[in-house]
Amino acid sequence: MCSIIGYSGKKDAAPILVRSLEKMEYRGYDSVGLAIKNDSLINVKKDIGKVSEVKHSLNLDKMPGKIGIGHTRWATHGEVSKKNAHPHYSNSGNIAIAHNGIIENFQQLKNELELDGFKFESDTDTEVLVNLIQKNFDETANIKETISKTISKLQGHYTFVVIFEDGTLAAARFHEPLIIGVEKNSYYISSDVLGFIEKTDDAIYIDNENFVIINDHNLDIFDFKGNSIKPNITKVSKEFADVYKGDYAHFTLKEISEQPKTVLQAGNDTQIKEISEMISKAQDLYITGSGTSYNAARISKFLFSNFAKVKIEPIISSELPFSPDSIEENSTLMTISQSGESADVLDAVRIAKESNSKILSIINHPNSSLSQESDLVINLNCGPEIGVAATKSFTSQLVILYKITNKMCNECMNLDLDKASQSISTILKDDSKIKKLANDFKEISDIYVLGRGIHFPIAKEAALKLKELTYIHAEAIPAGELKHGPLALMDSNVYVIIINPNDSTYQDTLNSANEIKTRGAKIIGVSNQNNEVYDFWIEIPVIDETLYPLIEIVPIQLLAYYAALAKNTDPDYPRNLAKSVTVE
Ligand code: F6R
């Protein structure tokens, strides 16, 4: 979602800030802006549109000054408009702010500020925040006291970065990420390591409920009580520096193509052993996640109960606060999240902790908010995933679940991950049929994806990929449910993808395909075995049947990607979506 960046150093700030915002584009946004201190003035330029568009229309990267802040906004309070874009000035024009997250009590604060004579131009909670900062600064004339006083009034989740007219930058973190990049004579304040990774791999991950003040090349960190905190500089892992498309047209294709390698990198043996032992001892075991990560979570139910005889209850994170299966006292909650920043997942964790639960997390981003909240973390190790639609992170999540299951059942599975990796390579190598089929998707408005048993969560994931990348209505149906309603939808205008490898679900699912075929729908079979019922056969290699879920999603990722190209949509940045959903 929104990204913030700040720079204080000896170089021109504007080109650095613009470049940083470009690197963080994948997080999703609708408007862009910079505030740069030049002499004793803070200049703000902002507008709606892509970073490259606003850069050209407003000469953003030519703004003079060595200290500044920047922002890409994903609208929450107020429409997408220039006036709502960040940064926002305070009424005096001496302070400007960029902000991620939501100030829940903004209306009450706004009313109080209005009584003091403050005026507001935008619909945002951010403009309220910057004027609260101004009020506190007018009263204290001290930046540390100003920030302390301000955060004591705020409710909600936020990270903000403020520029004062003397060139001081201040930033505070409350349940939204904040990372400082450290270079000789320069500091970067960012919501994402990608904001500064081209410049430096030395980083300080600011803890939750801490704030920083950067002035005259000095950095001070404080907790929300005002105590001084010693900076802890760490190296950003090498893989997270690897954020280039290389020869690929899109990040999404690059990430799909990396899977033969990434499925071999997920988790390490010590982590797997440790988590398996903790799960085996767990009294009540739940698993949660959102979107793709929840689809992976659903797979755990099949693996754990079939092989390890362990019961696990998947609960979608956004539903967990309303779930009748409330988390029992002293239970164990597994979480899955690529970003480790999804607000719904973090909220689920907060609820679980209230009932004294242990938190075991499967995460791609080390040092994310979720890892800080977890008792144990297993890393996906699949490198940065920039394409908004999750691809390689999904297969890495599955690999970790397979490995945990195999450990819990004393290696009872035939878990040949080298073979799985080769099978994925085979699928990727010959994608000409998939490309051709994707062309047909230009004209269609509905796709259904059928799967049974463990293949149903894969059907859900397939439908999610098709929706996100092609904007075609796509719906997963448990194959056995056709007669209970969905058969009414089947006619010659629809395409139905059947996830049907040759395992125990094969014959029943084939019967479902035949029922649909007689209603005239086009059938796309994803299987290691061809059948006359299929109008199109997407072949997957033969592999031990337990591993089909891991490989059968890959051709559908490709299909969704190529259909996006055929439909002229942007596969890396689907409309209205953000990579890291940091608000509930
Ligand atoms: C789908 C997708 C989203 C995410 C979801 C959870 O392609 O990317 O559905 O899976 O927002 O995100 P994480 O895994 O970062 O918690």
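**View 1. The shell around the ligand mixes 5 nonpolar, 8 polar and 2 charged residues.** Here Ala, Val, Leu, Ile, Met, Phe, Trp, Tyr, Cys and Pro count as nonpolar, Asp, Glu, Lys and Arg as charged, and the others, Gly among them, as polar. In this predicted model, 15 residues surround the ligand, where being near takes a heavy atom within 4 Å. The closest are S293, S337, Q338, S339 and S342. A quick word on ground rules: residues are numbered from 1 along each chain as its sequence is written, and side-chain values use heavy atoms, with hydrogens and water left out. As the model is predicted, local features need pLDDT of at least 70 and side-chain atom pairs need 80 or more, while totals for chains, interfaces and linings use all residues.

**View 2. Zoom in on the ligand's oxygen atoms and you meet T292, S337 and A390.** Each is part of a polar contact, a pair of N or O atoms within 3.5 Å. The side chain of S337 puts an N or O atom 2.6 Å from a ligand oxygen. A390 uses a backbone N or O atom instead, 2.8 Å from an oxygen of the ligand, and T292 also uses a backbone atom, at 3.1 Å. On its own the ligand has 400 Å² of accessible area, and the protein covers 90% of that (Shrake-Rupley method, 1.4 Å probe). Two elements, α9 (291-308) and α15 (455-470), each give two or more residues to the shell; helices (H or I, at least four residues) and strands (E, at least two) are DSSP runs, numbered from the N terminus.

**View 3. Now look inside the second largest cavity, with about 70 Å³ of space.** A cavity is a set of points on a 1 Å grid over the protein atoms alone where a 1.4 Å probe fits but cannot get out, and lining residues have an atom within 4 Å of a point. Points join across faces, edges and corners, and the volume is the space filled by probe spheres set on them. Among the lining residues are C2, R73, W74, H86 and D125. β6 (95-103) and α4 (125-140) each give two or more residues to this lining. By class, the lining has 2 nonpolar, 7 polar and 2 charged residues.

**View 4. E183 and K11 meet in a salt bridge, 3.5 Å from N to O.** The term means a side-chain nitrogen of Lys or Arg within 4 Å of a carboxyl oxygen of Asp or Glu. E183 sits in strand β9 (residues 179-183) and K11 in the loop between β1 (3-8) and α1 (13-23), 172 residues apart.

**View 5. H86 and P87 are joined by a cis peptide bond, with omega about 0°.** P87 lies in the loop between β4 (67-73) and β5 (88-89).

Methods:
Polar contact = N/O pair within 3.5 Å; in protein donor to acceptor, adjacent residues only side chain to side chain. 1 Å grid on protein atoms, 1.4 Å probe; cavity = no way out; pocket = protein on both sides within 12 Å on 5 of 7 lines; lining within 4 Å.
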